[in-house]
Amino acid sequence: MSEFVDYLSLCQQRINAYLGSQLTTPQPRLERLYSAMRYSVVNGGKRVRPLLAYASCEALGGQAEQADPAAAAVELIHAYSLIHDDLPAMDDDDLRRGQPTCHRAYDEATAILAGDGLQALAFELLAGATHWQPATRLQMVQLLGRAAGPQGMVGGQAIDLGAVGEQLDLATLESMHRHKTGALIRAAVQLGALASEHVDDAQLAALGQYAESIGLAFQVQDDILDIESDTSVLGKQQGADLARDKPTYPALLGLDGAHRLADQLRDQAISAVDGFGPAAQRLRQLADYIVQRRF
């Protein structure tokens, strides 16, 4: 396990350095905007999505440097979504990653623009990565656009906002989170595979099954931690979902049932990459990490 922890640390250092290099201020008048963008991206974070992109690329025989723009793009989309989710018009949160949320540290207008800027930069990184074939870049842009847009993350957030106070059944709750959280996790895995430029349709489908399961497991564990963890560990307000009367897996299944579901989903994810052999060991370890994390 210590060897895996070292791997996590190296990947986190790698993506942090790459993200930092993409967020330098090009002119003085943009300093406040870029400062808000950097604040929201480099200020902590588990980097689960970039880790999945790197591990997926390596499972296909690729090298980490091949996946840098893909790993960064998916993290930029994630960071933009957090900025906007925290706004008063959405979840109205004051704390993120143990620090004031972007609109509290700066102001609402700057936070909105910072999120917009991060989203645009994500697609710029994919389109401008000339070490990939043009067809690969086009496929990546389309894949990330679908995952981030109304058929993915944005659509899931819209469903979530409309479901506050409602009693959802398990199928509806899963559908919401396959959009809101799962779509971007699936994109991270598939973008990493595409970055290797050695993936076939069958492998991409298997990785999609892995990502579907682990993306849902990630959300189940988030819901569990909202109950079991505390604010100092989470870096955001513990119990926030409960306070807002949001539909969650523990509310629907009970805490023990939610734990069992997370374990089942992890096992499904690991089974999905059986055909990759030892090359997918990092993906298996990440599946365990996602359901065992405490923040």
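1. A cavity is a set of grid points where a 1.4 Å probe fits but cannot get out. The structure discussed in this note is a predicted model. A search of the whole structure finds 2 cavities of 30 Å³ or more, and the points below begin with these.

2. The second largest cavity has a volume of about 30 Å³. Its lining is formed by His177, Arg178, Gly182, Glu212, Gly215 and Leu216. Helices H9 and H10 (201–228) are the elements that give two or more residues to this lining. By class, the lining of the second largest cavity holds 1 nonpolar, 3 polar and 2 charged residues.

3. The largest cavity has a volume of about 140 Å³. Of the 14 residues that line it, Tyr39, Ser40, Asp86, Arg96 and Cys102 are the closest to its centre. Two or more lining residues come from each of helix H2 (31–41), H4, strand S2 (99–100) and helix H5 (102–105). The largest share, 4 residues, is given by H4. Sorted by class, the lining of the largest cavity consists of 6 nonpolar, 5 polar and 3 charged residues.

4. What span should helix H7 have, given its 15 residues? At 1.5 Å a residue, H7 (residues 134–148) should span 21 Å, and its end C-alpha atoms are indeed 21 Å apart, so the two values agree.

5. Which residues of H7 are buried? They are Thr136, Arg137, Met140, Leu143, Leu144, Ala147 and Ala148. These residues cover an arc of only 130 degrees around the axis, which means that they lie on the same side of H7. A general rule helps in reading such a pattern: an α-helix has 3.6 residues a turn, so residues three or four places apart point the same way.

6. The buried residues of H7 pack against four helices, namely H4 (64–86), H6 (108–127), H8 (153–162) and H9 (170–196). On the face of H7 turned away from the buried side are the exposed residues Pro134, Ala135, Leu138 and Gln142. Two of the packing partners of H7, H4 and H9, also appear in the account of the cavities: H4 contributes to the lining of the largest cavity, and H9 to that of the second largest cavity.

7. A final point concerns glutamine 292, which lies in helix H14 (residues 281–292). Its relative accessible area is 48%; because exposed requires over 50% and buried under 20%, glutamine 292 is classed as partly exposed. Glutamine 292 and aspartate 263 are 29 residues apart in sequence, and their C-alpha atoms are 9.3 Å apart in space.

Key
Residues are numbered from 1 along each chain as its sequence is written. This is a predicted model: local features need pLDDT of at least 70, side-chain atom pairs count only at pLDDT 80 or more; totals for chains, interfaces and linings use all residues. Side-chain values use heavy atoms; hydrogens and water are left out. The expected span of a helix is 1.5 Å times one less than its number of residues. Buried means under 20% relative accessible area, exposed over 50%, partly exposed in between (1.4 Å probe, protein chains only). The arc is that of the directions from the helix axis to the C-beta atoms. Contact means heavy atoms within 4.5 Å. On a 1 Å grid over the protein atoms alone, a cavity is a set of points where a 1.4 Å probe fits but cannot get out, and a pocket is an open set with protein on both sides within 12 Å along at least five of seven lines; lining residues have an atom within 4 Å of a point. Grid points are joined across faces, edges and corners, and a volume is the space filled by probe spheres set on the points. Ala, Val, Leu, Ile, Met, Phe, Trp, Tyr, Cys and Pro count as nonpolar, Asp, Glu, Lys and Arg as charged, and the others, Gly among them, as polar.
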